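Please open the model in your viewer, keep the sequence panel beside it, and follow the stops below in order, selecting the named residues as you go.

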Amino acid sequence: MPAHTEFKSANDAYVSTFGDKGDLPLPPAKHLTVVTCMDARIDPAQHLGLKEGDAHIIRNAGGSARDALRSIVISQRLLGTREIAVFHHTGCGMLTFNSGQLRDIVKRSAPESTSAEVAKQVDGIDFLEFDDLEGSVKEDVAFLKESPLVLPETTVSGWVYEVETGKVRMASRSRLSRMAR
Ligand SMILES: [Zn+2]
C-alpha cells in the first residue's frame, strides 16, 4: 500500500489539535532560515525547539547552501529573515558517492529512446556531494557569506547534527555574528 493512503486519517488527528495556528503571520517570527538535509531520520523543528511560524526550514540532499540559494533569496528579500543556520550531519548519504558515479547510474538505467537526453540533463547536475563533513559545513558558511545574493548583515552559522545521539554542535560561525555577540 502506498504511504499516501494513510494521510487522511493522520491528518484528521492533526486537524483536531490544530488550534489557532491558522492565524500565524507569513514572515518567520525568529527571522531565521535553517538549511538542512532531507534525511528521514532528522526532525529539525524538534531538535532545535522550533514551532510553526518560527523559521523557514529548507531541506535538500545534504543540506546544501548552494542548492538552497533560490529559497534563501525569497526568504530574505520577501519574508524578512536575517539569520541562516546550515546543518550537515553524520551518516549522510552525501558522503558515500560522487557525482560521476551517480550520473553513470542514471545513464545506465535510461531506455535507448531517451538516453541522449538523459545523459545531457544528468551531466548538467552537480550533485554537491562532500567527503569532509565539518569542512563541507565551513564551505557552505563561506559560500553564503561571500554570495552577493545573500544580505551582508546576515548572521550565518554552521552546524553538525549527530544522527547517533540527536546532538548538535557548532562547526562554523561567520565573523559578523561573532562580532555582534
Ligand atoms: Zn544527509
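Which residues make a nonpolar surface patch of about 260 Å²? Before selecting anything, bear in mind that this is a predicted model. Now select Y14, V15 and F18, which together make that nonpolar surface patch of about 260 Å². F18 is found in the loop between α1 (7–16) and β1, and with a relative accessible area of 32% F18 is partly exposed, while Y14, at 38% relative accessibility, also counts as partly exposed.

**Aromatic pairs**

Stay with these residues and show the side chains as sticks, since the structure holds two aromatic pairs. One of them is formed by Y14 and F18, whose rings meet edge-to-face, with 5.7 Å from centre to centre and 65 degrees between the planes. For the pair of F87 and W159, select both rings and look along their planes: the centres are 5.7 Å apart and the planes are at 15 degrees, so this pair is stacked. F87 belongs to strand β3 (residues 83–89) and W159 to strand β4 (residues 155–161), so the pair ties together parts of the chain that are 72 residues apart in sequence. If you switch on a surface, expect F87 to be hidden, because its relative accessible area is 3% and a residue under 20% is called buried.

**The zinc ion**

Next, select the zinc ion and display the side chains around it. The ion is coordinated by SG of C37, NE2 of H89 and SG of C92, at 2.0 to 2.3 Å. Going back to the sequence panel, you will find that the donor residues are spaced C-x51-H-x2-C. C37 sits in strand β1 (residues 32–37), whereas C92 sits in the loop between β3 and α4 (99–108), so this pair of donors ties together parts that are 55 residues apart in sequence.

Are the two cysteines C37 and C92 buried or exposed? Both C37 and C92 are buried: the relative accessibility of C37 is 5%, and the relative accessible area of C92 is 3%. While cysteines are selected, it is worth noting how many disulfides the structure holds, and the number is zero.

**L95 and D132**

From C92, move along the chain to L95, which is found in the loop between β3 and α4. L95 counts as partly exposed, at 33% relative accessibility. If you draw a distance from the C-alpha atom of L95 to that of D132, you should read 7.6 Å, although the two residues are 37 residues apart along the chain.

**Salt bridges**

The last stops concern charged side chains. Side chains of opposite charge can pair when their charged atoms come close. The structure holds eight salt bridges, and the tour visits some of them, beginning with R82 and E153, whose side chains meet at 3.7 Å, N to O. This pair links distant parts of the chain, with R82 in the loop between α3 (69–79) and β3 and E153 in the loop between α6 (133–146) and β4, 71 residues apart. Both ends can be found with the surface shown, for R82 is partly exposed at 34% relative accessibility, and E153 is likewise partly exposed at 43%.

Now select R169 and ask which residues it joins in one network of salt bridges. R169 forms a salt bridge with E134, in which the closest N and O atoms are 2.7 Å apart. R169 lies in strand β5 (residues 168–173) and E134 in helix α6, so the pair ties together parts that are 35 residues apart in sequence. R169 is partly exposed, with a relative accessible area of 31%, and E134 counts as partly exposed too, at 29% relative accessibility.

Keep R169 selected and add E162, with which R169 forms a salt bridge whose closest N and O atoms are 2.7 Å apart. With E134, E162 and R169 displayed together, you have the answer to the question above, as salt bridges that share partners join these residues into one network.

Technical notes:
Residues are numbered from 1 along each chain as its sequence is written. This is a predicted model: local features need pLDDT of at least 70, side-chain atom pairs count only at pLDDT 80 or more; totals for chains, interfaces and linings use all residues. Side-chain values use heavy atoms; hydrogens and water are left out. Rings of Phe, Tyr and Trp (its six-membered ring) pair if their centres lie within 6.5 Å; planes under 30 degrees apart count as stacked, over 60 as edge-to-face and the rest as tilted. Buried means under 20% relative accessible area, exposed over 50%, partly exposed in between (1.4 Å probe, protein chains only). Helices (H or I, at least four residues) and strands (E, at least two) are DSSP runs, numbered from the N terminus. Donors are N, O and S atoms within 2.8 Å of the metal (3.2 Å for Na, K and Ca); water is not among the atoms, so sites may look incomplete. Patches are made of residues with over 30% relative accessible area and no salt bridge: like charges are joined within 9 Å, nonpolar side chains (Val, Leu, Ile, Met, Phe, Trp, Tyr) within 5 Å. Accessible areas come from the Shrake-Rupley method with a 1.4 Å probe; for residues, only the protein chains shown count as cover. A salt bridge is a side-chain nitrogen of Lys or Arg within 4 Å of a carboxyl oxygen of Asp or Glu. A disulfide is a pair of cysteine sulfur atoms within 2.5 Å.
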